[in-house]
Each structure stands twice: as C-alpha cells, then as structure tokens.
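Reader: I should like a close look at the aromatic side chains of this protein, followed by the other local features that deserve attention. Please treat the matter in one connected account.

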Amino acid sequence: MSEQNHELKRGLKARHLNMIALGGSIGTGIFLAMGDTLHQAGPGGALVAYGLIGIMVYFLITSLGEMATFMPISGSFSSYATKFIDPALGFALGWNYWYNWAITIAAEMVAGSLIMKYWFPSIPGFYWSILFLIIIVGLNFLSAKAYGESEYWFAGIKVVTVIIFLVIGVLMIFGIMGSDDIGFHNYFIADGPFHGGIKSIFAIFLVAGFSFQGTELIGVAAGESEHPEKTIPKAIKSIFWRILIFYLGTIIVLGAIIPFTKAGVSESPFTMVFAKAGIAGAASLMNAVILTSVLSAGNSGMYASTRMLHSMATEGLAPKIFARTNKRGVPVNALVLTTIVASACFLTGVFAESTVYVWLVAASGLAGFIAWVGIAICHYRFRKAYIHQGHSLSELKFKAKWYPFGPILALLMCFVIILGQGYSCITEHGVDWDSLIASYIGIPLFFALYIGYKIKHKTKVISLDDVDLTYNDDCTNDLKVVEKSISELN
C-alpha cells in the first residue's frame, strides 16, 4: 500500500478537493433533469425526493470521509472492501466502478457533440467528440494537479451559474427583477405542489439519485490530496449545506417561477428562467454551462477510472502493467486502456445503430448505486473491526455522525432506488421486458465478477480479527526515519 502512495504524487490541493466535492454533485442532473422531475412530481414532490436522497448521500459521503481520512488511498471503496470485507468484493466493486466511468466518458463525449450542434449545425458531431476526448486525455496525462486545476475551473463555472440563478430567481419571486411579482402561486396550480402524490415521488427517486452521483469522487481523490487528514474533513463537512442550498434552493426557485405543467427536458429550466428575466442569449449561456458540465464529468470520469484501475493493479486485482506510473505520478497505462475502451464505446454509439452502445450505457446505469452500497457496507465493517481490535473512536481524525444508523439507512435507500429502477418499466399495458432487462443488466455483471473471482481464488469473508487496519504512507515513514536519524546524531 505504501508503494501505491509513493507512485501517486499528492498534487491535489485543498481548494481542488473542495471543488471536486462540490462539482461532483452539480451537473446535467440539475441543469436539465430538474425540469423533468418538476413536471413529474411538482415542486413539493421534487423537494421531498431530492431532500431524502440528499440525506442518504450525506451519510454515504461522511462514511467515506471517515475511511478516507483514516486511510487516504486512490482505490477508495474498492481497496476498503478488499481490506475490510473480502478481496472478491473489492475486485467486483473496482471493475464495476472502472467500466461505469469508462462508458460514462463515451456518453459525455456524445452529449458534448450534440451541444455543439446548437452553434455549429453543419460540422459533424464526431469531430467535436474526438476534440473533447483529446482535451480530457491531455489534462489527465499531465498530472493530478492538472486534473485538479481544470476541475476547479469547470466546477467553478457551474457553481457561479447556480449562485447567479438563485439570486436572480429570488429577485424575480419578490418582484424586484422582471415585470411581475411572481410569488409562489405556481406551486398550487393543478394538483400541485405534490403532483401525482407518493407514486410520483417514488418515480423520481432514481433521477435524483443519478443527479448526486460523482460526490464519491472525493474518496478517490483522497489518495493524491495534500494533508488529507485536514482537507477531507473540511470538504466533507460542507457537502450537506451545499446540497441543501444548491439542489433544494434550485427546486424552490424553479417551482415558483416555472409552472411545473410546462417544465420538461426539451429545454433547460435555467434557460427558461434566464429568458424570463430578460437576459440576452440565455439559451447560448446555458448551453455553454451544460457543455462545461459535460467536460467536467468526462474529466472526472477519466481521473476516477484510471486511479481505480491503478489501485487494483497494485493490489493484484488487475494486471500489474496498470500499476506503472510516469515521473509525474500519472498511471499512463491505465489511462491508455480507459481511453481505448471509452473510444470503442463512443464509436459503437456512432456507427452501430446505437444498439450495443445503449446496452453498454444501461449496464453502467446502476454501477454508481452499487458503488454506494459498497461504501455503506465498507464503513459498517470498518467501524466494527476498528472497535473489535481495541481501538478508540477518539483516535479517528474524522468521525461520521449517527453510526450505525447512517450507513444502514443509506444502504436501505440504495436498495429501494435499485428496485425502483424497474418501476418505470411497468406500464398499464404490462411489463416492458426489453427495458427491464436493460435496466438491470449491470447487476448480473457485478455478481459475475464477484462470484468468478471468489471461485477462482477461493476467498472468504475476512474475520474481524484479521481485518487489515494498517496504513503506511511513504512520506510519513520517511519523515519518521529522518527525525530518528537526527535524534541519534544529537
């Protein structure tokens, strides 16, 4: 484990980690999907759904934060599963997370090309996708610091946009900006604010969950952050308030200004609000911001997948060739493989009638939730082993609140969301089996990885006595050696 941290240089500063934590939870889910959730469940239903998912995500991230502060390694929950539970689970979680992001990179490249058609309709989208992929690979090839710096600015644009939107929205609601005193009467049109009742709230749980995916990147980035014992708790503690302000604040403002009966996915609700406020070029502005979100997701996906593959290689869960890094600490071989897979998926989507591509994207659909389940289980097991082996909670630099209620609640909610994935496949005409199979194809793939490794290597669940809670950081060890040598000289 020390070799891993020696090779991966700690180039991510505190400001990088803070923005990665925030940027990971702000994406197309808030800029585009929010309109559809309002349309389906009304402003009240959307607030309930996003509020509950926000609570779940808070517990998950504080669980991950406790482990990442104690043991900051880039393998994150895959490494934790290997050390705390069963190497077979670590193997399955790691490869599950890797292919999830590799496929997501391809999906984001396609999305980026579609956005560019707004400005350049005559240029084939293929060229834009290639350009964006080259940019993302280049940023990740340079160093962890280059990734952190680019993500800092990508996320910064998103954050500033949401803040400006919230300020303008509040001014419009109270009649300070715009021609009308809007107020909150749009909440109560038709059958609002809870359009469709509990059924609709349950239906948008999945969309709300997808919107928050990426917040776990802070755990992956922990292995390359400076002073993780200080920066990780600081970033984690602020996540709850960020979720509260950015997501729930956005829903409150959107629900007041845009009638939920007119909201949808055909146009960003942000565009509708900015246009209503009289801001010139609102559509172009939001397309630029959404493009930033797409590039941010692709950038983070490339970083997360290469670090996960590198970590698995150092632990013997992937070929050793992917453990090699260049002089800047970048796992180049892992970066090359991820780029090849992402490119293949993208080309499949462009040239093969999209059938295979659609199935690949469907296979990755539940991967994020499977990772969240893994985080909750790892934290529960970590705490049990930590106490069992005679350690005191006062020794932990960061403690997740409400244990064991937090991880157990998060685990149960993840299962509810996963089961709810098939809810939309049941129509008044019966079950749409093609959609149902596509929705759940990721689960048998995960279990195939888990069972295959378990059978081949005959692994067992690690007993609490044998759970490995040791962590060696070469930087810390070298400092201790120097201090010891100086004391001996004196």
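How many aromatic pairs does a search of the whole structure find?

Author: The model is a predicted one. Across the whole structure, the search finds 34 aromatic pairs. One of them is formed by F77 and Y97, whose ring centres are 4.9 Å apart and whose planes stand at 90°, an edge-to-face arrangement. This pair links distant parts of the chain, since F77 belongs to helix α5 (residues 76-84) and Y97 to helix α6 (residues 87-116), 20 residues apart. Both F77 and Y97 are buried.

A second pair joins F174 and F184: the ring centres are 6.5 Å apart and the planes make an angle of 75°, so this pair is also classed as edge-to-face. F174 and F184 both lie in the loop between α8 and α9, so the pair ties together parts that are 10 residues apart in sequence. With a relative accessibility of 54%, F174 counts as exposed, because the cut-off for that class is over 50%. F184, at 38%, is partly exposed.

The rings of F174 and F184 also take part in a nonpolar surface patch of about 620 Å², which V170, I176, F188 and I252 complete. Of these, F188 is placed in the loop between α8 (144-173) and α9 (197-203), and its relative accessibility of 57% makes F188 exposed. The loop between α8 and α9 also holds P193, and the peptide bond joining G192 to P193 is cis, with omega of about 5°.

Ring pairs further connect F70, Y80, F84, F382 and Y386 into a cluster.

Helix α5 has a backbone feature to note as well. S76 is found in this helix, and its phi is near 50°, a positive value in a residue other than glycine. S76 is buried, with a relative accessible area of 0%. A positive phi of about 50° is likewise found at K458, which is not a glycine. K458 sits in the loop between α20 (442-457) and α21 (474-489), and this residue is exposed, its relative accessible area being 67%.

Helix α6 contains a further aromatic residue, W101. W101 is buried, with 9% relative accessible area. Leaving out residues up to four places away in sequence, W101 touches G214, E216, L217, A297, G301, A304 and S305. The C-alpha atoms of W101 and G368 are 9.1 Å apart in space, although 267 residues separate the two in sequence.

Two further loops complete the account. In the loop between α14 (282-314) and α15 (332-351) lies N326. A polar atom of the N326 side chain is 2.9 Å from the backbone nitrogen of R328, and the backbone nitrogen of V330 is 3.0 Å from a polar atom of that side chain. Apart from its neighbours within four places in sequence, N326 is in contact with F141 and V332. In the loop between α17 (367-388) and α18 (405-420) one finds P404; the peptide bond from Y403 to P404 is cis, with omega near 0°.

Technical notes. Residues are numbered from 1 along each chain as its sequence is written. This is a predicted model: local features need pLDDT of at least 70, side-chain atom pairs count only at pLDDT 80 or more; totals for chains, interfaces and linings use all residues. Side-chain values use heavy atoms; hydrogens and water are left out. Patches are made of residues with over 30% relative accessible area and no salt bridge: like charges are joined within 9 Å, nonpolar side chains (Val, Leu, Ile, Met, Phe, Trp, Tyr) within 5 Å. Accessible areas come from the Shrake-Rupley method with a 1.4 Å probe; for residues, only the protein chains shown count as cover. A salt bridge is a side-chain nitrogen of Lys or Arg within 4 Å of a carboxyl oxygen of Asp or Glu. Helices (H or I, at least four residues) and strands (E, at least two) are DSSP runs, numbered from the N terminus. Buried means under 20% relative accessible area, exposed over 50%, partly exposed in between (1.4 Å probe, protein chains only). A polar contact is a pair of N or O atoms within 3.5 Å; within protein, one must be able to donate a hydrogen and the other to accept it, and residues adjacent in sequence count only if both atoms are side-chain atoms. Contact means heavy atoms within 4.5 Å. Rings of Phe, Tyr and Trp (its six-membered ring) pair if their centres lie within 6.5 Å; planes under 30 degrees apart count as stacked, over 60 as edge-to-face and the rest as tilted.
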